[in-house]
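Got your viewer open? Load the model, give it a slow spin, and let's walk through it stop by stop.

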Amino acid sequence: MNKKLTLLTTIMLISVSLTGCTGEDEDKIDQLEINIQDNQFMMNELNLTVEGLQGNVDQLNLTIVELEAEIVTHLLRISEYESSITSLNNQNKTNTGLINQLSLNITNLELIITELGVQIISLQDAKTVLEVQIGILENAKSELENQVSSLSSTNQNLNTENQNLNTENQNLNTENQNL
């Protein structure tokens, strides 16, 4: 009788300690699943940010193309004004006022071209900064994907270990009942 009582007490103590371990593993699993959800949320936010920044880059490219087209238009107008100056000089030397106005127009257009060139450089710098930010965010995204993969693997291993401990606990409970 004492042997049975001792064996029963030993089985109960082992069963209680195994049950305690299972609770701790479930807490770890729950925390890992929360971490996975947090990391997936962060990855979704990073993807949205990257898409937004890519949209900004595309818009800047479009603006640069438009400004370059405007420069070409102004260059054509300069050429027209210069042709007009030559023609007026040939037709009438007394049209100095009109020639001066056209010269002023050319000067103004050249200033506009210079300003547009500065804007293009500024937009290209902004584009470069955005492309660097996209690269940084893509690296961060890659690191988060690696963490999620690692956490998923750890979670799977803990689930398997938890199942094994539950099975062992059930076996011990069955042995306990048989005693």
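Start by selecting Ile120. Skip its neighbours within four places in sequence, and you'll find Ile120 in contact with Ile64, Leu67, Glu68 and Ile71. Is Ile120 buried or exposed? Its relative accessible area is 9%, and buried means under 20%, so Ile120 is buried. Ile120 lies in helix H2. Before you go further, keep in mind that this is a predicted model.

Keep Ile120 selected and add Asn61. Along the sequence, Ile120 and Asn61 are 59 residues apart, yet in space they are 9.6 Å apart, C-alpha to C-alpha.

Now zoom out and colour by secondary structure. How many helices and strands are there in the protein chain? You should see 2 helices and 0 strands. Helix H1 covers residues 2–91, and helix H2 covers residues 96–178.

Next, click on Gln124, which is also found in helix H2. Gln124 has 37% relative accessibility, so this residue counts as partly exposed. Bring Asn61 back into the selection: Gln124 and Asn61 are 63 residues apart in sequence, and 8.3 Å apart in space from C-alpha to C-alpha.

Hop over to His74, in helix H1. Which residues is His74 in contact with, once you leave aside its neighbours within four places in sequence? Show Leu109, Ile112, Ile113 and Leu116, and there they are. His74 counts as buried because its relative accessibility is 9%, and the cut-off for buried is under 20%.

While you have those contacts on screen, here's the picture for the whole protein chain. Take the contacts with a separation of 6 or more: residues 24 or more positions apart account for 90% of them.

Time to head for the surface. Select Asp27, still in helix H1. With 53% relative accessibility, Asp27 counts as exposed, since exposed means over 50%. Now add Glu24, Glu26, Asp30 and Glu33 to the selection. What do they form together with Asp27? The five of them gather in a patch of negative charge on the surface.

For the last stop, clear your selection and switch on the surface display for the protein chain. Its accessible surface comes to about 12,200 Å², and 54% of that belongs to carbon and sulfur atoms. As for the inside, 25% of the chain's 179 residues count as buried. You've already met two of those buried residues: Ile120 and His74.

Note on methods: Residues numbered from 1 in each chain as written. Predicted model: local features only at pLDDT ≥ 70, side-chain atom pairs only at ≥ 80, totals over all residues. Heavy atoms only, no water. Patch = residues over 30% accessible without salt bridge, like charges linked within 9 Å, V, L, I, M, F, W, Y side chains within 5 Å. Areas by Shrake-Rupley, 256 points an atom, 1.4 Å probe, with all protein chains shown as cover. Salt bridge = Lys/Arg side-chain N within 4 Å of Asp/Glu carboxyl O. Lys, Arg positive; Asp, Glu negative; His and termini not counted. Charge placed at Lys NZ, Arg CZ, Asp CG, Glu CD. Helix = DSSP H or I, 4+ residues; strand = E, 2+ residues; numbered from the N terminus. Buried < 20%, exposed > 50% of the residue type's maximum accessible area, 1.4 Å probe, protein only. Contact = heavy atoms within 4.5 Å.
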